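Trainee: Got a minute to walk through this one with me?
Mentor: Sure. Put it on the screen and ask away.

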Amino acid sequence: MHSYTDRATYTTNTIAKRLFHLMDEKQTNLCVSADVLTKDELLTLADTIGPEICIFKTHIDIVEDFDNTVIIELQRLSEKHNFLLFEDRKFADIGNTVKHQYQHGIYHIADWADITNAHVLPGPGIIEGLRDVGMTKGRGLLLLAEMSSKGSLATGEYTKKTIELAETYKDFVIGFILQQKLSDNPGMIHMTPGVKMRDIGDPLGQQYNSPTYVIGEKGSDVIIVGRGIYEAENPVETAKAYRKAGWDAYLSR
Ligand code: S5P
């Protein structure tokens, strides 16, 4: 089994290399999913949880009082605490449209998000469109190969094709969102949402597994934790616990 650091040599993408090194240096494979609705909550979470994480994942379009200072502050905090920014945009349109959605509009995602993600439902054009914009800015893309939610249609042949498609664009595609390790390419990063220590799901179809199961048994690389952390009574202590569980599982596999 390769260490994260060893795996950096199997990719040419600068963000993927940075992430692999960052995880071993900082000793964390925890990505926090900051699905909060105000600028204040978002920035407070980034500053307090920042020391524990390798990636800060946003849904920037749910922030009610969004303005450009959110981005400036997020970038400052990402430098202060050494984590990457991941906008969980889940692009899903034709290449020409996603190019604009990635680069323009209010959010200018390509200008600040180190990582974003896409469904490959439309075919390879979506990757090519995002790549046109993202490569020159030194960004990385994750493909959604599986989803954590009940009844997900991203299974079987769709999942298999997604993994295959990534190889064609491995200068820009840095890995996958999925529930288990599915690629044999050590340069590809596997990230898994649907992680919570206590609950097994929510009323809207989310399904949860533990950090130990996801990293230790399913062979994923990064745990993505949202409500498990930001809804906890003590988010910082809880983040430390998720970080330790994820890291111990990596060390012992
Ligand atoms: O399959 C998926 C893919 C993603 S990116 N299932 C998910 O839940 N996500 C995202 O992970 C989702 O959009 C949310 O931001 C986060 C999970 O949040 P939690 O509160 O359930 O941990």
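**Strands, crossovers and the ligand**

Mentor: Start in the sheet: Leu141 has Val173 as its bridge partner in E6. Keep in mind that this is a predicted model.

Trainee: How many bridges pair E5 and E6, and in which sense?
Mentor: Four bridges, in the parallel sense, with E6 covering residues 173-177. Between those two strands the chain crosses through helix H7, residues 156-168. That β-α-β crossover is right-handed.

Trainee: And what pairs with E5 through Ile115?
Mentor: Ile115 stands opposite Gly140 in E5. The pairing is E4 with E5, parallel, over four bridges. E4, H6 and E5 form a β-α-β unit, and this unit is right-handed.

Trainee: Why is E5 described as largely enclosed?
Mentor: Because five of its five residues are buried, E5, residues 140-144, is largely enclosed by the rest of the structure.

Trainee: Which way do its residues point?
Mentor: Gly140, Leu142 and Leu144 point one way. Leu141 and Leu143 point the other way. All of them are buried.

Trainee: Let's go back along the chain. What about E3, how many of its residues are buried?
Mentor: Six of eight, so to speak of E3, residues 84-91, as mostly covered is fair.

Trainee: Which strands does E3 pair with?
Mentor: E2, residues 55-58, is joined to E3 by four bridges, and the two run parallel. One partner pair there is Ile55 with Leu84. E3 is also joined to E4, residues 115-118, by three bridges, again parallel. In that pairing, Glu87 stands opposite Thr116.

Trainee: What links E3 to E4?
Mentor: Helix H5, residues 95-103, in a right-handed β-α-β crossover. On the other side, E2, helix H4 (residues 68-81) and E3 make a right-handed β-α-β unit.

Trainee: H5 has a tyrosine, Tyr102. Buried or exposed?
Mentor: Buried, because its relative accessibility is 0%.

Trainee: What is Tyr102 in contact with, sequence neighbours aside?
Mentor: Leaving out residues within four places in sequence, the contacts include Phe91, Thr116, Leu130, Val133, Arg139 and Phe172. His108, Ile109, Ala110 and Gly134 are also among them.

Trainee: How far is Tyr102 from Gln179?
Mentor: Their C-alpha atoms are separated by 26 Å. Along the chain they are 77 residues apart.

Trainee: Switching to His119. Where is it?
Mentor: His119 is in the loop between E4 and helix H6, residues 125-134.

Trainee: Why does His119 count as buried?
Mentor: Its relative accessible area is 18%, and the cut-off for buried is under 20%.

Trainee: What does His119 touch beyond its sequence neighbours?
Mentor: With neighbours within four places left out, His119 is in contact with Lys90, Phe91, Ala92, Ile126, Leu144, Met147 and Tyr158.

Trainee: Lys90 again. What is its phi?
Mentor: Near 45°, a positive value in a residue other than glycine. Most residues other than glycine have a negative phi. Lys90 is found in strand E3. Its relative accessibility is 26%, so Lys90 counts as partly exposed.

Trainee: And Gln27, what about its phi?
Mentor: Gln27 has a positive phi too, near 55°. Gln27 is in the loop between helix H2 (14-26) and strand E1 (30-34). Gln27 is partly exposed, because its relative accessibility is 44%.

Trainee: Now the ligand. How many residues surround it?
Mentor: 15 residues. The closest are Asp35, Lys57, Ser148, Tyr208 and Arg227.

Trainee: Which distances should I look at for its oxygen atoms?
Mentor: Take Lys57: a polar side-chain atom is 2.8 Å from a ligand oxygen. For Arg227, a side-chain N or O atom is 2.8 Å from an oxygen atom of the ligand. Gly226 contributes a polar backbone atom, 3.0 Å from a ligand oxygen.

Trainee: Last one. What does UniProt list for residues 29-242?
Mentor: The unreviewed UniProt entry lists "domain: Orotidine 5'-phosphate decarboxylase" there. Over that range the chain is 36% helix and 18% strand. The end C-alpha atoms are 9 Å apart.

Notes. Residues numbered from 1 in each chain as written. Predicted model: local features only at pLDDT ≥ 70, side-chain atom pairs only at ≥ 80, totals over all residues. Heavy atoms only, no water. Buried < 20%, exposed > 50% of the residue type's maximum accessible area, 1.4 Å probe, protein only. Pairing = 2+ DSSP bridges. Right-handed = clockwise from strand over helix to strand, strands pointing away. UniProt positions renumbered as here; feature names shortened; annotations may be inferred. Contact = heavy atoms within 4.5 Å. Near = heavy atom within 4 Å. Polar contact = N/O pair within 3.5 Å; in protein donor to acceptor, adjacent residues only side chain to side chain.
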